[in-house]
Amino acid sequence: MEPFLLTIMYFAIAIVVILVGVAVFELITTKYKDWDEILAGNKAVALSISGKIIGISIILAFAIYHSFAVWETLVWGGLGVVLQMIGYLLFEAFTRKFSVEEQLHKGNLAVGIISFGVSVGLAFVIGASIT
């Protein structure tokens, strides 16, 4: 029965961490509202948000693999969300020729794909660092 309960607990943790992560990303996005853009059919924003969700999930998967207790998964998940945000902000800061956020708002699919890649790629690096 214990593996069944742990699966339910990890599932619940994943849902909470992903929802909190997406909500926080919504707060740091100042030029548009993610879900309004997605409802309007903005594929670039949808890709960017998908990358963040998948990225957080990858980090949580590594955390589950390497944690000895459920609370450790929460800690690693929280840290992963913070590091993902820092990565996104650095991506925005180091892209000098244009604003990532403005290009996503305009529906620039190429920027959406790169944003997706940055989130997923960083997730593997962050996840692999969990020991």
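This briefing walks through a few side-chain contacts and helix packings in the structure above. The model is a predicted one. It holds one salt bridge and one aromatic pair. Helix 4 is a good thread to follow, as it carries tyrosine 88 of the aromatic pair and packs with helix 1 as well as with helix 6.

**The salt bridge**

- Side chains of opposite charge can pair when their charged atoms come close.
- Here the partners are lysine 31 and glutamate 102, whose closest N and O atoms are 4.0 Å apart.
- Lysine 31 sits in the loop between helix 1 (2–28) and helix 2 (34–39), while glutamate 102 belongs to helix 5 (residues 100–105), so the bridge ties together parts that are 71 residues apart in sequence.
- Lysine 31 has a relative accessible area of 39% and is therefore partly exposed.
- Glutamate 102, with a relative accessible area of 36%, is partly exposed too.

**The aromatic pair and a charge over a ring**

- A pair of aromatic rings is described by the distance of the centres and the angle of the planes.
- For phenylalanine 25 and tyrosine 88 the ring centres are 6.2 Å apart and the planes stand at 85°; because planes over 60 degrees apart count as edge-to-face, this pair is edge-to-face.
- Phenylalanine 25 comes from helix 1 and tyrosine 88 from helix 4 (residues 70–94), which makes this a link between distant parts of the chain, 63 residues apart.
- Phenylalanine 25 is buried, because its relative accessible area is 2%, under the 20% cut-off.
- Tyrosine 88 is buried as well, at 5% relative accessibility.
- Phenylalanine 25 has a further neighbour in lysine 52, which lies over the face of the ring at 5.1 Å from the ring centre.

**Helix 1 against helix 4**

- Two packed helices are described by the angle between their axes and the distance between the axes.
- Helix 1 and helix 4 have axes 10 Å apart and pack at an angle of about 25°.
- Angles under 35 degrees count as roughly parallel, so helix 1 and helix 4 are roughly parallel to each other.
- The crossing of helix 1 past helix 4 is right-handed.

**Helix 4 against helix 6**

- Which angle do helix 4 and helix 6 make as they pack? It is about 140°, with the axes 10 Å apart.
- That angle makes helix 4 oblique to helix 6, because the roughly antiparallel class takes angles over 145 degrees.
- Helix 4 passes helix 6 in a crossing that is right-handed.

**Leucine 109 in helix 6**

- Leucine 109 is found in helix 6 (residues 109–128).
- With a relative accessible area of 39%, leucine 109 is partly exposed.
- Leucine 122 lies 13 residues from leucine 109 along the chain, and 20 Å separate their C-alpha atoms.

Definitions and conventions: Residues are numbered from 1 along each chain as its sequence is written. This is a predicted model: local features need pLDDT of at least 70, side-chain atom pairs count only at pLDDT 80 or more; totals for chains, interfaces and linings use all residues. Side-chain values use heavy atoms; hydrogens and water are left out. A salt bridge is a side-chain nitrogen of Lys or Arg within 4 Å of a carboxyl oxygen of Asp or Glu. Helices (H or I, at least four residues) and strands (E, at least two) are DSSP runs, numbered from the N terminus. Buried means under 20% relative accessible area, exposed over 50%, partly exposed in between (1.4 Å probe, protein chains only). Rings of Phe, Tyr and Trp (its six-membered ring) pair if their centres lie within 6.5 Å; planes under 30 degrees apart count as stacked, over 60 as edge-to-face and the rest as tilted. A charge sits over a ring if NZ of Lys or CZ of Arg is within 6 Å of the ring centre and within 35 degrees of the ring normal. Axes are lines fitted to C-alpha atoms, for helices over the stretch in contact, and angles run from 0 to 180 degrees between N-to-C directions. Angles under 35 degrees count as roughly parallel, over 145 as roughly antiparallel, 65 to 115 as roughly perpendicular and the rest as oblique. A crossing is left-handed if the near helix is turned anticlockwise from the far one by less than a right angle, and right-handed if clockwise.
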